[in-house]
Amino acid sequence: MTSPPSPAGDRLSRLGWLDALRGIAALVVVFDHSAYSFLPEFRRELVPEFNTSRYGIMVFFLVSGYIIPASLERRGSVRTFWIGRVFRIYPLCVAAVATVLVLGLLGIAEPRTDLGAATTALAHLTLFQELLGTPNLLLVLWTLSYEMAFYLLVVALFTVRRHERPAPVAVTLAVLAAVSVATGVAIPVSALSDAVGTGTLVTLTAIALTAAICCTSARSPRLQAFGGGVGAALALVLVLFNGTVPVWEGLVILAVMFLGTVVHRAEHGRSSWWYAACMAVVVVVCAVGSAYGHGDGTQFTRRGWITAFLLAVLTFGTGLALRHRRVPLLLIGLGTISYSVYLLHPLLLMASDGTIGRQRQNTPLLEVAFFAVLLPLCVLSHRYIEAPGQALGRRLARRRPKGSGQSGSGASGPGADGDRIRGRATATATTGRGRSDADVPRRVPVAVNYPHGNGS
C-alpha cells in the first residue's frame, strides 16, 4: 500500500512545469544577449534563422497570460492584485535601475537620460517607458511595458465581469494584427510622443495610470468600471500609437498573453479543449501571417521570428502536456530566480563590456564563466530582494481597508493564485466542467508562482 502524495509533491507535479518554462525562457534570453559579447560570430549566423530573444520572450508572455488573470480571479480583489504586482516587480526593478546609475557614475555604463532625470524616472515608475518614447535604462525592461498593458486590460475585463471570455479578446487582437499588415498600416515609432511631446505624454500617462489603479481598487462598482475603462484605453492607445515595435507585433504580444488565459480556462474545465485549440490556431495563423507579411528588415528576419514564435508555442504546449510529470528541481530553481536572471544579466554584461570589452571572435569559456557568475548572484538577489519584497506585499494585501468588511473590489471569480510557485498561496479546486471554484469547497493547498512578468 502506498502513502498518499505529499502536498509538496503534488505542488511540484502540478505547477512545476510553469517554473521550468520560465527557467528555460530566461536562459535563452540571457544566451541571446550574452552572445553579443562572447559568441558574436555564432550569433550572427543563428539569429536570422532563429530569433532566440523573441523565443524566450514569447514563452514568458504565454506563462504570464496563463497565470496572471487566474490570480486576479482567485483573489477576487483588484486592490490585492495591484499590491501583489507592485511588490513582485518593483523591488528588484528599482535595485537594478539603481545599479545602472551607479555603473554610470563609475564610468562603466552610459545610462540614457536624454529627456531629463525627472521625465525618465516618472516614465520608468509607470513601467510604460517603452511605450512612452523614453529610452529604457535597462534594455530588457521593455517587456514590462507590455505586461503592464496586459494587466490593465485584464483588470478592465474583470471590473465589467467579462473576464471569463478571454478567447474573443485574443482572437480580436490577433486578427487586428493581421489586418494592420494586410492594409499596410505603418505607424511611426513613438508617433504619439512626437505629436504631443514626450514629457507631456509621460505626465498624462502617470495621471491616467494612477487614476485607473485607484478607481479599480475602490469599492464602488461604478468607479471600478470607470477605472477599468481608463486603464484599457491607456493600454491600447500606447500599444497602437506609441510602440517601438510594429503595431502588428504589439497586438500579437497581447493576443499571445490572452491565449495563455484561454488555455488556463480550458485546463480548469471552464471551456472545452476543442474551443481553446481553435482559438490557438487563429492566433498562431494571424501571428505567423503578420510576420510573413511584414517581410525582412534591417534587424528583423521573418524566418527567424516565425521559427522562434512557433517553437515558443510548441514549448508551452509541451510543458502543458507534461504538466503532471515530476519536473527536475534544477529547472524549478531556475524558474524561481528567473526574474532576477532576466533583470540582472544586462548589468553583468555592462560590467563585462566596460572592463574586458566585447569579443570579436567566439569565446565559449567566457560565455560559461558569465553564467557561472550570474546564477549565484541571482540566487542572492532573489533571497534578499525579491523574497522580502513579496513577503511585505502579502502582509499589506492581507490588511483590510478601514471601514470595509472586505478588501478589494468585491468581485470574485475562479482561478489559481500566483505569487511564487512554492508555498505562498492556496489555489481552489474545481470539480466538473463549467463549475467555478466559488461553487465548491476549497480543498487542495497549492502554492503557485507568478511569472514576473515576466517580463522578458
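These exercises, each with a worked solution, use a predicted model.

**Exercise 1. Find which residues have the most contacts inside the largest nonpolar core, then trace the contacts of valine 252.**

Step 1. The largest nonpolar core holds 118 residues.
Step 2. Those with the most contacts inside it are Met58, Phe128, Leu152, Val252, Trp305 and Leu343.
Step 3. Set aside neighbours of valine 252 within four places in sequence; valine 252 then touches Met58, Ala177, Ala287, Trp305 and Phe309.

**Exercise 2. Check the span of helix 16 and locate its bend.**

Step 1. Helix 16 covers residues 364-398, which is 35 residues.
Step 2. The expected span is 1.5 Å times one less than the number of residues. That gives 51 Å.
Step 3. The end C-alpha atoms are 48 Å apart, which agrees.
Step 4. Helix 16 bends by about 40° at histidine 382.

**Exercise 3. Work out what two of the aromatic pairs tie together.**

Step 1. The whole structure contains 15 aromatic pairs.
Step 2. Tyrosine 66 and phenylalanine 316 pair edge-to-face, 6.1 Å centre to centre with 70° between the planes.
Step 3. Tyrosine 66 is in helix 3 and phenylalanine 316 in helix 13, so this pair ties together parts 250 residues apart in sequence. Both residues are buried.
Step 4. Tryptophan 248 and phenylalanine 300 also pair edge-to-face, at 6.1 Å and 75°.
Step 5. Tryptophan 248 lies in helix 11 and phenylalanine 300 in the loop between helix 12 and helix 13, so the pair ties together parts 52 residues apart in sequence. Tryptophan 248 and phenylalanine 300 are buried.
Step 6. Trp248, Phe300, Trp305 and Phe309 form one aromatic cluster.

Note on methods: Residues numbered from 1 in each chain as written. Predicted model: local features only at pLDDT ≥ 70, side-chain atom pairs only at ≥ 80, totals over all residues. Heavy atoms only, no water. Core = buried A, V, L, I, M, F, W, Y, C linked by side-chain atoms within 4.5 Å. Buried < 20%, exposed > 50% of the residue type's maximum accessible area, 1.4 Å probe, protein only. Contact = heavy atoms within 4.5 Å. Helix = DSSP H or I, 4+ residues; strand = E, 2+ residues; numbered from the N terminus. Bend = angle between axes of the 7 residues up to and from the residue. Phe/Tyr/Trp six-rings, centres within 6.5 Å; stacked < 30°, edge-to-face > 60°.
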